[in-house]
There are 4 protein chains.
Amino acid sequence: MITSQQYRERLKRLKSNVFIDGELVDRGDSRMQGEINTLAITYDMAEDPSLEGITTATSHLTGEKINRFCHIHQNSEDMLARQKMTRHYCTHTWGCILRCMGCDALNALSVVTHEADQKYGTEYNARFLKYLKWFQENDLVAAAAQTDVKGDRSKRPHQQADPDLYLHVVSRGEDGIVVRGAKCSVTMVSHADEILVMPTRAFVEGEEDYAVSFALPADHEGVSLITRAASPRARQQLKAPIAELGSTDSVVVFDDVFVPWDRVFLCGEKELGGRLAVLFALYHRHSYTGCKPAVSDIIMGATALVAEYNGVERADHIRHKLADMIGVAELVYSTGIAGAVMGQKSSSGTYIPDVVYVNVGRRHAGENVYHESDILADISGGMSATLPPEGDFFNEKTGPYLEKYMMRNPNIPAEYQHRCFRFISDIICSSFGAVWQIAGIHGGGSPIMETIAILGNYDLEAKKDVARYLAGIPKKKS
Amino acid sequence: MITSQQYRERLKRLKSNVFIDGELVDRGDSRMQGEINTLAITYDMAEDPSLEGITTATSHLTGEKINRFCHIHQNSEDMLARQKMTRHYCTHTWGCILRCMGCDALNALSVVTHEADQKYGTEYNARFLKYLKWFQENDLVAAAAQTDVKGDRSKRPHQQADPDLYLHVVSRGEDGIVVRGAKCSVTMVSHADEILVMPTRAFVEGEEDYAVSFALPADHEGVSLITRAASPRARQQLKAPIAELGSTDSVVVFDDVFVPWDRVFLCGEKELGGRLAVLFALYHRHSYTGCKPAVSDIIMGATALVAEYNGVERADHIRHKLADMIGVAELVYSTGIAGAVMGQKSSSGTYIPDVVYVNVGRRHAGENVYHESDILADISGGMSATLPPEGDFFNEKTGPYLEKYMMRNPNIPAEYQHRCFRFISDIICSSFGAVWQIAGIHGGGSPIMETIAILGNYDLEAKKDVARYLAGIPKKKS
Amino acid sequence: MITSQQYRERLKRLKSNVFIDGELVDRGDSRMQGEINTLAITYDMAEDPSLEGITTATSHLTGEKINRFCHIHQNSEDMLARQKMTRHYCTHTWGCILRCMGCDALNALSVVTHEADQKYGTEYNARFLKYLKWFQENDLVAAAAQTDVKGDRSKRPHQQADPDLYLHVVSRGEDGIVVRGAKCSVTMVSHADEILVMPTRAFVEGEEDYAVSFALPADHEGVSLITRAASPRARQQLKAPIAELGSTDSVVVFDDVFVPWDRVFLCGEKELGGRLAVLFALYHRHSYTGCKPAVSDIIMGATALVAEYNGVERADHIRHKLADMIGVAELVYSTGIAGAVMGQKSSSGTYIPDVVYVNVGRRHAGENVYHESDILADISGGMSATLPPEGDFFNEKTGPYLEKYMMRNPNIPAEYQHRCFRFISDIICSSFGAVWQIAGIHGGGSPIMETIAILGNYDLEAKKDVARYLAGIPKKKS
Amino acid sequence: MITSQQYRERLKRLKSNVFIDGELVDRGDSRMQGEINTLAITYDMAEDPSLEGITTATSHLTGEKINRFCHIHQNSEDMLARQKMTRHYCTHTWGCILRCMGCDALNALSVVTHEADQKYGTEYNARFLKYLKWFQENDLVAAAAQTDVKGDRSKRPHQQADPDLYLHVVSRGEDGIVVRGAKCSVTMVSHADEILVMPTRAFVEGEEDYAVSFALPADHEGVSLITRAASPRARQQLKAPIAELGSTDSVVVFDDVFVPWDRVFLCGEKELGGRLAVLFALYHRHSYTGCKPAVSDIIMGATALVAEYNGVERADHIRHKLADMIGVAELVYSTGIAGAVMGQKSSSGTYIPDVVYVNVGRRHAGENVYHESDILADISGGMSATLPPEGDFFNEKTGPYLEKYMMRNPNIPAEYQHRCFRFISDIICSSFGAVWQIAGIHGGGSPIMETIAILGNYDLEAKKDVARYLAGIPKKKS
């Protein structure tokens, strides 16, 4: 395991391929500093002895202690520990720790490379395990690039006017393959060491070139990261942990990029493209059963705090809304526990969480994101939107005015009151906050995707048989 | 373990103390036959080898195989098995198997009698275990009588105009105690062997006489059961399992009833009255994480079936509503799993489920009862309310009319179509169905009670600390 | 105008063609008495001078004072008066006054017969106005029979295996036509004087025979009414207005029935079949903006009353739920006002309410039916489901027990408490109550039908132009 | 009436008293330019002949044509025209036209000054009408400053540690009064000509000094505006109307400010302080029945547009969500119509909208704000949060990449696609958009305030009588 300082140093050695607002920028660009700070926490907390076994795990490859973000689930307990870790991290980082996707992609690959080998006699799994060992030893950060730009949504990949609208193999050579396309909405890739490319959907005959998965260094030749950085409003004097955080999302363009064979983990096995897409999503949705409750923790914490500051904490209707928020958090967390406990071992030995519980949970989370913001906005009042800028609190004339008129409960210093509103303004009245609302819906797959996953995996015919039995109608002959 | 036939015989030996609509009636009264049929299933399925270990358990007292309804949870697996059993039973019995309450009361007593002994040096636990052994050996059915009539809800027990509005000890003697009061909304007591009386709330100084718990035979001297029986509409020719079921609720009046000491399990320890009330509710709410998903199973099964019959099964908006129903069922079931897995061993050795997960689950179930009926009513159409009575389908003139005009999908016989609507009419358009809607809200405690339980057990201050940390506000000094 | 006594007498003169549960019964059968009582109110209140101009109107044909249920809307004020009248009646009759459908059908026919004449040179309108004059003079009650049984819902009328699954013309003769088919879910037809048959949908080429509308006496040769009667549970001693009410729904079979030409109002004009279907639905949905708020009035009244009796009337969470109920009632009522005020005069002179407001209102009502029951069930507690039968309150032994233990607020007599719960039990825990829940969804068209009507009539392209303007995208060329 | 150019010129003559982020700035500061642009529209559209009678009115004082924003409602038609005007303006200005508050305050003052004179023999009304005439002649813009900072919310004004936490009269002199305090969340005051100060609540004995209302020029001596400006992200090349808009909110500090008597409209009549507060809120909530449907128009337009661009416009679940949005818009709009039509004439001749309909509508709007954003976020997908900054679309290397990969429907130019997402990003993923979400809850009073207003004005006892009647319980003796 490395330190956060080593991670920061390593980032500096990456070649420039990040663009922001039309400029080629350094990975250390101030607009993106918050993301580096966030990722650094995953190194710092891995050194915290009180979190041993939660933030760390024992590699099944080497027996060494590794960062849990580099670990492959060996049993239900691993999944429970991962869920617990995620919630812990995310209460310190405004709801996203950024490093999950890579871990989820590794787990999915550990399963599907093995299944491919069993089915086709390929050697993906050995190749993947070698890559994994190196990944674990170097304590790497990986971004998962899955979402193709997809063009016309009413057409399949091979029907698009431009075949590049889904990433695909352009040519195969002795040393490797060449790929072209773009992945969008790729979070954190501008500070990842590695990019793990996943297919975005299932494929049919004639779409073999789209069934491809591979790993590349984030600054690989031909790869461009077109990046949108988001952070809370910068603070001048009123420093706070929230203000040090941040994240990025990128369109990742692969402009005829060469990938050596030892980094290719699927290439043309179209039956397994969809399997890999779905399995990555499933692991990632299980991650959401950890992070989304943390988002709820933060929002309900802010709500309870502002209710205390406003002196309405004991009012029934406030308390019932807090109970609603607890409900959302713990229903979702429960599905992660159930998903872990009812998980199954795959042929590779990797554990897979239960698909129904996890999707039901992720869906419930996604459907309540805006509802939670609504409650916080409702209870905190209009001040979260109309709070004067920080400078006014420190101007000679207006500072004393605001100090005087900001007071509510005389036992709570004006500064705390100010900090509380500025914090709430960051989470529900800023571009940064809105990014995470939208991510709360779409990250890991939108509610409609979970609806599809649920309906595809649930035995509704068995439920009809329950009805048929009670109604005295014979079962269908199968 | 006994057979259902033995149970039916045993019932006949009970003395008459059941009143229906102003008459003293026999326990075998035809209006209550459905309840006996329902309870009989708990004996029949305990003999089914494929359910071994689910419907049965091994007594920790005797090592004998017993009906799981007589068992005390020894570990998380017991709670998981109980939850699974409950869902299984309840899909066969329109959502309630009726025998849970007794089991939940026994579990709560196994914990609290032990805690009382530890705190006060009493001997309740040994007395209880002796009772339990006898209970297990005879494979008894117990009703739990908890809900006092409560009089003026803005006043405490000892402040009521009439002190009997909460059941209480009238006198204590050498051989036992005398109690007076009434418990209402007591389900299934008219076919129970035993009544387990639980306190309904916490008590304060001066309310010692209300902190009482005991067991009595259901036909004990001085006990009257004023009963409301509910069943689906009787069928003449179109027999179906749903039509054989039923249930009862009673006001149980204790008119200066004598209880011998060996059946008294709490008497005056006011600090533990509330503990017993809450713990019984907790076990019972965990039962609901099994039965309420079964209710959802039935309703979603009926919805999917009628959607198939109406030819709209593939429509998006129908499927999304089915996914909503799956969501309700599996979110609630997840909380039961999480509650079991995260449960704790009490000082008595009995396992207790986690209070937050279970209450969050029960609350979510209660809040969705009417929503599920709404979906079924919506998708099944008006026919569930306007279906002609059964006789019209067999009358010489109208029968052929209805046969002709009932047809929808030509591949589905008119009789199935008819059975399907009659079944749906039983569940959403009958007095019997409505009883279970209301029970779905209030049984085991209404959503407001779970809200109180959640808020009372959840560490909201820790969540405020999450907000304080991110906002840069120091923790409160404790 | 006639008296209710005259109406009752007139009913007795109708020939027997009503079947209940396999028997041919008299219209005065005790199971259907509640419906007659309900309809009688429309005659009694029309004599109430304080309701003059609300329950009555001035015929535009004769200038005579007539029952408003026989009136054709001449302006927005008529529609406002009708809405007000409906709400008033329905608070006295558990949410449905039963006589609206006929009035709505008459209004729709007054428009469409005129449009047919304009388009095809037919003489329907004069024929209809003659019928209407006779109808007004005799102060008749008409049922509207619209909903065909519809067979396989994925097929059109002319594609059904059995062509009779939609009612259609079998033959045309000099004196009239012969029709065959069945209409289902026809409310109140068993106590109507007249049946007004309406088409159920739009038609295409080849479906001319389905585009038919006509009037028949309710006991006409060849017409059979297969009827389901619903009433609150009968009372022995605790008489109350709710217990005197009732309603029926029938499958109306037309077995080669002859209709003379002077009672035929549409026959083969397929373009206007859909128009008539939709317009009848629109008028009927406007009626719902009056009756559904009355249902809300009753349910919120019951909720507020039981909250008072339980002593929780001032609790915040109770009051907020009452505000929710007020919200549902008055949002829906507002749409009726807006629909009336923004209504338009048709070519016939009859006023038509605005289609968007009315459908938005009816949809909102339909989506909240179960929600309102949920609130009442929640606040009234379990007793609405477990209340002992009436007889137990008057039995020598159990009567005093219940009298004693029913007490809550000492200032409220046990009888009122009892009456309150029995009333609530009638509305949310009875077959009768459930019929009206389901009617609350489907009567006048289910929410999905209103969704279709809204989307079909709303100018979404104009809203896209709003977005395009702000975004700087040019309008589409049309 | 003046032109927008004249308005812009007039603004320049105001003295500097606006602070932003610690600096004293000019009213023309670039950060606030969007607000001026928005207000200018109210002058431009008043000159549009096609909007004559909508954006203009005839003064009841002078008979001259005036801007409707300066008009006092003389009848229901005025209120209907005002509602229509507001919706029209607000579809052009991202949901707020900014100039309503002043108009609403003028209407409230026209009523309450008259009532004060009737009750106390004061001369406020004549004074107010003189002010109004001058206001109309100069076509002024007024901000209404109502919300006091309020300090400890569990205490009344006179109980606060600092008496200034509610604005109050410090001294009364021959020429006028001196006031001290601060009003917060005052929208648009930095570009108003006049500030109309309203009380924020009802008062009790001893709080006479808080019952004060007056008008001041926005740059009056002693008045400081501490301002937060909000705008969509600035555009470099992709100009669009949305990007030219903006708004401000200010804390307005009154530091011992002198107000001459001819600008004082209430001073010490504590019984009327609450009346004025409530009446202003009522007028303002009626304004919301115009602007909130416009917000819905914009959001549903954006949703329908992006659904078209994504090729999913015909999907059932998309269309049903659009119908939900239409439902919100038109339910709220209906309450405004009903409120206008059912409005009442006050003693002053000014019309007042119905309090129940208007509050029910405003509450429904407030409860659905986040729900509407949720639908747009759901249907537009993650791109609204992860769209690269504008510069990347015009960079030599990344521009062509984005042009290529942004394509969806080949018939829709990449620029439109880009504009569509950038627009959506402005409305749901920006600080500016979030300001209006929060304003959508709290502007004009939060849902809890409307709940209180509804419960305070609704005759629930009459609804209980409805229940009592049906249940056979006599009415309460009053």
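**Exercise 1. Relate chain A to chain D.**
Find the rotation that superposes chain A on chain D, and the residue of chain A that comes closest to its axis.

*Solution.*
Step 1. A turn of 180 degrees, with 0.0 Å of shift along its axis, superposes chain A on chain D at an RMSD of 0.0 Å. The fit is by least squares on the C-alpha atoms of residues with pLDDT of at least 70 in both copies.
Step 2. Ser431(A) is the residue of chain A closest to the rotation axis, its C-alpha lying at 2.5 Å.

This is a predicted model: local features need pLDDT of at least 70, side-chain atom pairs count only at pLDDT 80 or more, and totals for chains, interfaces and linings use all residues. Residues are numbered from 1 along each chain as its sequence is written, while chains are lettered from A and ligands numbered from 1 in the order in which they are written.

**Exercise 2. Describe the A–D interface.**
How many residues of chain A are in contact with chain D, and which element of chain A gives the most?

*Solution.*
Step 1. Count the contacts (C-beta atoms, placed from the backbone, within 7 Å). Chain A has 68 residues in contact with 68 residues of chain D.
Step 2. List the elements. Those of chain A that each supply at least two residues include β7 (176–187), β11 (247–260), α8 (355–380) and α12 (431–442). Helices (H or I, at least four residues) and strands (E, at least two) are DSSP runs, numbered from the N terminus.
Step 3. Rank them. α12(A) gives the most, with 9 residues.
Step 4. Sort by class. The side of chain A that touches chain D has 31 nonpolar, 24 polar and 13 charged residues. Here Ala, Val, Leu, Ile, Met, Phe, Trp, Tyr, Cys and Pro count as nonpolar, Asp, Glu, Lys and Arg as charged, and the others, Gly among them, as polar.
Step 5. Compare the surfaces. 100% of the interface residues of chain A are also interface residues in chain D, so the copies meet through the same surface.

**Exercise 3. Repeat for chains A and B.**
What turn lays chain B on chain A, and which helix supplies the largest share of the side of chain B that touches chain A?

*Solution.*
Step 1. Chain B is laid on chain A by a turn of 180 degrees and a shift of 0.0 Å along the axis, with an RMSD of 0.0 Å. The two copies are therefore related as by a two-fold rotation axis.
Step 2. This contact takes 51 residues from chain B and 50 residues from chain A.
Step 3. Helices of chain B that each supply at least two residues include α6 (270–310), α7 (316–341) and α11 (414–428). The largest share, 13 residues, comes from α7(B).
Step 4. By class, the side of chain B that touches chain A has 32 nonpolar, 10 polar and 9 charged residues.

**Exercise 4. Examine the domains of chain A.**
Where are the two domains of chain A, and how many residues does each give to their contact?

*Solution.*
Step 1. Chain A divides into domain 1 (4–269) and domain 2 (275–465). The bounds come from an automatic or database domain assignment.
Step 2. Their centres, taken over C-alpha atoms, are separated by 24 Å.
Step 3. Domain 1 of chain A gives 49 residues to the contact, and domain 2 of chain A gives 42 residues.
Step 4. On the domain 1 side, α3 (76–91) and α4 (100–120) of chain A give two or more residues. α4(A) gives the most, with 12 residues.
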